[in-house]
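Here are some notes to read beside the structure. Each point takes up one topic and can be checked in the viewer.

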Amino acid sequence: MNYNVNEKGYYGEFGGAFIPEMLYPNVEELRQNYLKVMAEPEFQKEFNQLLKDYVGRPSPLYLAKRLSEKYNTKIYLKREDLNHTGAHKINNTVGQILMAKRLGKTRIIAETGAGQHGVATATVCALMGLECIVYMGEIDIARQAPNVARMKMLGATVVPALSGSRTLKDATNEAIRDWINNPVNTHYIIGSAIGPHPYPDMVTRFQAIISEEIKWQLKEHEGRENPDYVVACIGGGSNAAGTYYHYLHEPDVNIIAVEAAGLGVDSGESAATSVLGKEGVIHGCKTLLMQTPDGQITEPYSISAGLDYPGVGPMHAHLAKTGRAEFMSITDDQAMKAGLELCKLEGIIPAIESSHALAIFEQKTFKPNDVVVVSLSGRGDKDLQNYIEYFKI
Amino acid sequence: MNRINKKLQEDKKLLSIYFTAGYPTLNDTVSVIQNLEKSGVDMIEIGLPFSDPLADGPTIQASSTQALKNGMTTEVLFNQLKDIRQSVSIPLIIMGYFNPMLQYGVEAFCKKCQEIGVDGLIIPDLPVDVYNEEYKATFEKYGLINVFLITPQTSVERINFIDSISNGFIYMVSSASVTGSQSGFGDEQTKYFKRIADMNLKNPQVIGFGISDNTTFTQATQYAKGAIIGSAFIKHLSTKPVHSINDFVNFIVK
Ligand SMILES: Cc1ncc(COP(=O)(O)O)c(C=O)c1O
C-alpha cells in the first residue's frame, strides 16, 4: 500500500484538485514547480539554514519521565512548541515563503483560525519583506485578540471573513477568492495539509522535518529509529503528516491520529471528522468532511480553535480508510485535563490542540516497553485565556 | 436537439440570466423562471445554493446563504422543477458546486435533470480532466450539456482542449475575479474578448462575470454569442418584486 500522494495528486481515492478554472493557472504553476524547486540544492540550503537559525531546529525529542512513570510506558515529546512563534506551523510557512519567492510572487495571502498559522505567515513575510494579508473569521478575530495583535505588529493586514459561519472555513473561502482575484502576483500559503493538490503534499514535505529529526534523535536515545507509536492531533493534519511522514511505510510503527470530539462525538458539537464525516469535496480536495445529507458543509466545534475544521487532509482520510492509522477522539474535558497534567508533571504548558494528543494515555493502555512519540505541536501561551476560564484559575 | 444547441443557432445575441433557487423566498424559483422567459430572456441558469461558494462574490454568497436558510436543498429544487416543462420552453441550466451533486449521486442527479427537462450543467469546481475521465459518459447518457469556464489566464492549449470536449458553449469569465466584482470593461478585457473570438472555436462563447447593464452587455456581445448576468439580477430581486423582472431585462437589452 502506498500512503504517499500519487502522480495524479491522490491518496487512494482522496485528494485531487477540485478547483474552479480561475484557480487552475496558479495551482498548475505550483504543481509543475514544487518538487523541482524543493529539490534545488540552493533551496534546501536556505530552508535548512532558516529552520536552524531562525526557527531554532532541531526541536528536542524529550523523554517525559514523570509522564512515562504515570502511564507506565515510555513517552517522548517532540517539542514543536519550542519553535519560533510557538508551534509547528512555522516549518511550513518558511518553506512556502521560499517557494513563493522562487515563483516570483510579491504578495502573500493566508487563512487562519486560532491565529497560529496567521502569525507564522506574518512572521516569514516580515522576514522576507513581502506584503501579507491574512483572512480570519470575524468570530475568531474576537476570540483570538492577542494573535490578531501579533499579526498586526508583524506588519500583516488582517481581513475579517464576514461570510457564512465567519470562522476558519470561511476564512479559507475568502483566501481562495482573493487568489482568484489576484492570479498573477500572489501566493496562497495554506496552513495545513489540506486544499487542492499539490498543497497537501507540499505542506507534508515541509513538515516532514519533524519525523526526519525524530528518527535520528530516537536512535540517540533508544538505539533505534522506529518507535512503537507516533501520535499527533489532527485539525487539517499538518503536524500529524510531518510526524508520520517517514514512518508511513514502516509497518512496525503504529500511527495514532487524535481528533477533537468537542462535547462528545454524538453531541452535535464535535470536530471528529473521521467518525462524523463523509466523502466529499471541501476547499478543492476530495476527502472526509462534515456535511449535511444534502452536501452543505457544517460547522464543527472544539474548544481548540486549531482543531475546529470540518474536513481532514486527504492523506489522513486515506490513513483512516485503509486502517493504517488508528483514529481516536478526545473531548474538550479530556484534553483540558491532559493539558493541565503536563503542566504539573513536566513543567510544560501545551497548546490545547496538543493536549488532545496527550489525552490518549487515559484512554489507551501501552506496554511498559513501548516507545511512544507524541507531537507536542504547540505551546499554550495562546490558550491562556481558555485555560483560565476553564479551570477558573 | 438539446434546447441549448437550438438556441445557440438563433441569429441573435443571447441574454442568459443566473439566479439562486429559493431566493428571495423558497417558492419563488418557478415564478422567477416563468417571468424570465416572459421577459424575453434566452437562457436561464438556476443556481443550486452551496454553503461554501468559492467562486462567488458577496452578492451571490448572500443569496445562497439566504436560500439555504429558506430551506433549499437539491431535493426541494427538483420537486419545485417537477412540472416546469409544462409552463416554459426556455433552455435551463443548473449551476452549482460539486459537493451537493456528489452527495445526491452524480448519476441520480443527471437522471433527474433529464426527467425534469434540464438541458445542461455548470459546475465550476468539477475540473475538466475529472469530468472527462469520470463523468462525461454519464452526462451524455442523460443528454446533458456540460459547460466549462475559461478565463484570461487560460492557455491557448487548454482552451483548445476545453473546446474539443465541449458540446454547447464556452463560459468566458470576463476577468480574473469572483462573480460580481466588476464595474465596466477596460482595454484588457476587450483585447481578451477579441483574442478568443479570433480563435474561431467550435463552440460559441458566452461571457459572464461583471455584466450588469446595457453597456457591459453590448460590449460583451460585440465579441461573443451572448452574455450572462448574475449578481446584478440578484441585486434587483433583493429589492424588487418578481413580477418586475421585465423592467430589469428591458434595462439590459433596451
Ligand atoms: C498548536 C497547534 N497544533 C495543531 C494544530 C492543528 O493543525 P494541523 O492539524 O494542521 O497540525 C494547530 C492549528 O492551528 C495548532 O496551532
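Where is the place of A176(B) in chain B?

1. A176(B) sits in the loop between β7 (170-173) and α9 (187-197) of chain B. Please bear in mind that this is a predicted model. Setting aside neighbours within four places in sequence, A176(B) is in contact with I180(A), N181(A), P183(A), P152(B) and Q153(B). That list includes residues of chain A as well as of chain B. From A176(B) to E133(B) the distance is 27 Å, C-alpha to C-alpha, and their positions lie 43 residues apart in sequence as a separation.

2. The contact between the two chains comes next. It involves 38 residues of chain B and 34 residues of chain A. The size of an interface is often given as the accessible area lost when the parts come together. For chain B and chain A, about 2,800 Å² is buried, with 53% of it on carbon and sulfur atoms. On the side of chain B, the residues that lose the most area to chain A are D52(B), L54(B) and Q103(B), which together account for 23% of what that side buries.

3. Polar and charged pairs also link the chains. The rule finds three salt bridges across the interface of chain B and chain A. One of them joins E21(A) to R158(B), with the closest N and O atoms 2.6 Å apart. The rule also finds 19 residue pairs in polar contact across this interface, both residues of each pair being at pLDDT 80 or more.

4. Which elements of chain B each supply at least two residues of the side that touches chain A? They are α3 (58-70), α5 (98-104), α7 (128-141), β6 (148-150) and α8 (156-165) of chain B. The largest share, five residues, is from α5(B). Sorted by class, this side of chain B has 22 nonpolar, eleven polar and five charged residues.

5. Now to the inside of chain A. The domain assignment divides chain A into domain 1 (10-50 + 89-203) and domain 2 (56-87 + 208-391). In the contact, 35 residues come from domain 1 of chain A and 36 residues from domain 2 of chain A. The centres of these two domains, taken over C-alpha atoms, are 22 Å apart. Note that each domain is given as two stretches of sequence.

6. The area buried between domain 1 of chain A and domain 2 of chain A is about 2,900 Å², and carbon and sulfur atoms give 62% of this. Two salt bridges are found by the rule across the domain interface. E13(A) and K321(A) form a salt bridge in which the closest N and O atoms are 3.4 Å apart. Between the two domains, 13 residue pairs are in polar contact, both residues being at pLDDT 80 or more.

7. On the side of domain 1 of chain A that touches domain 2 of chain A, at least two residues each come from β2 (14-15), α4 (89-102), α5 (116-128), α8 (168-181) and α9 (199-207) of chain A. α8(A) gives the largest share of that side, with five residues. The classes on this side of domain 1 are 16 nonpolar, 15 polar and four charged residues.

8. Which residues come nearest to the ligand? Of the 17 residues around the ligand, they are S192(A), G235(A), G237(A), S238(A) and S377(A). A backbone N or O atom of G235(A) is 2.7 Å from an oxygen atom of the ligand. Side chains take part too: a polar side-chain atom of H88(A) is 2.9 Å from a ligand oxygen atom, and an N or O atom in the side chain of K89(A) is 3.1 Å from an oxygen atom of the ligand.

9. Last, some backbone details. Most residues other than glycine have a negative phi, and most peptide bonds are trans. The peptide bond from R57(A) to P58(A) is cis, with omega near -5 degrees, and P58(A) is in the loop between α2 (41-55) and β3 (61-63) of chain A. In chain B, the bond from Y23(B) to P24(B) is cis, with omega near 0 degrees. P24(B) is in the loop between β1 (14-20) and α2 (29-38) of chain B. R166(A), a residue other than glycine, has a positive phi near 60 degrees, and R166(A) lies in the loop between β7 (157-161) and α8 of chain A.

Notes: Residues are numbered from 1 along each chain as its sequence is written. Chains are lettered from A and ligands numbered from 1 in the order in which they are written. This is a predicted model: local features need pLDDT of at least 70, side-chain atom pairs count only at pLDDT 80 or more; totals for chains, interfaces and linings use all residues. Side-chain values use heavy atoms; hydrogens and water are left out. Domain bounds come from an automatic or database domain assignment. Contact means heavy atoms within 4.5 Å. Buried area is the accessible area (1.4 Å probe) that two parts lose on being put together, summed over both. A salt bridge is a side-chain nitrogen of Lys or Arg within 4 Å of a carboxyl oxygen of Asp or Glu. A polar contact is a pair of N or O atoms within 3.5 Å; within protein, one must be able to donate a hydrogen and the other to accept it, and residues adjacent in sequence count only if both atoms are side-chain atoms. Helices (H or I, at least four residues) and strands (E, at least two) are DSSP runs, numbered from the N terminus. Ala, Val, Leu, Ile, Met, Phe, Trp, Tyr, Cys and Pro count as nonpolar, Asp, Glu, Lys and Arg as charged, and the others, Gly among them, as polar. A residue is near a molecule or strand if one of its heavy atoms lies within 4 Å of it.
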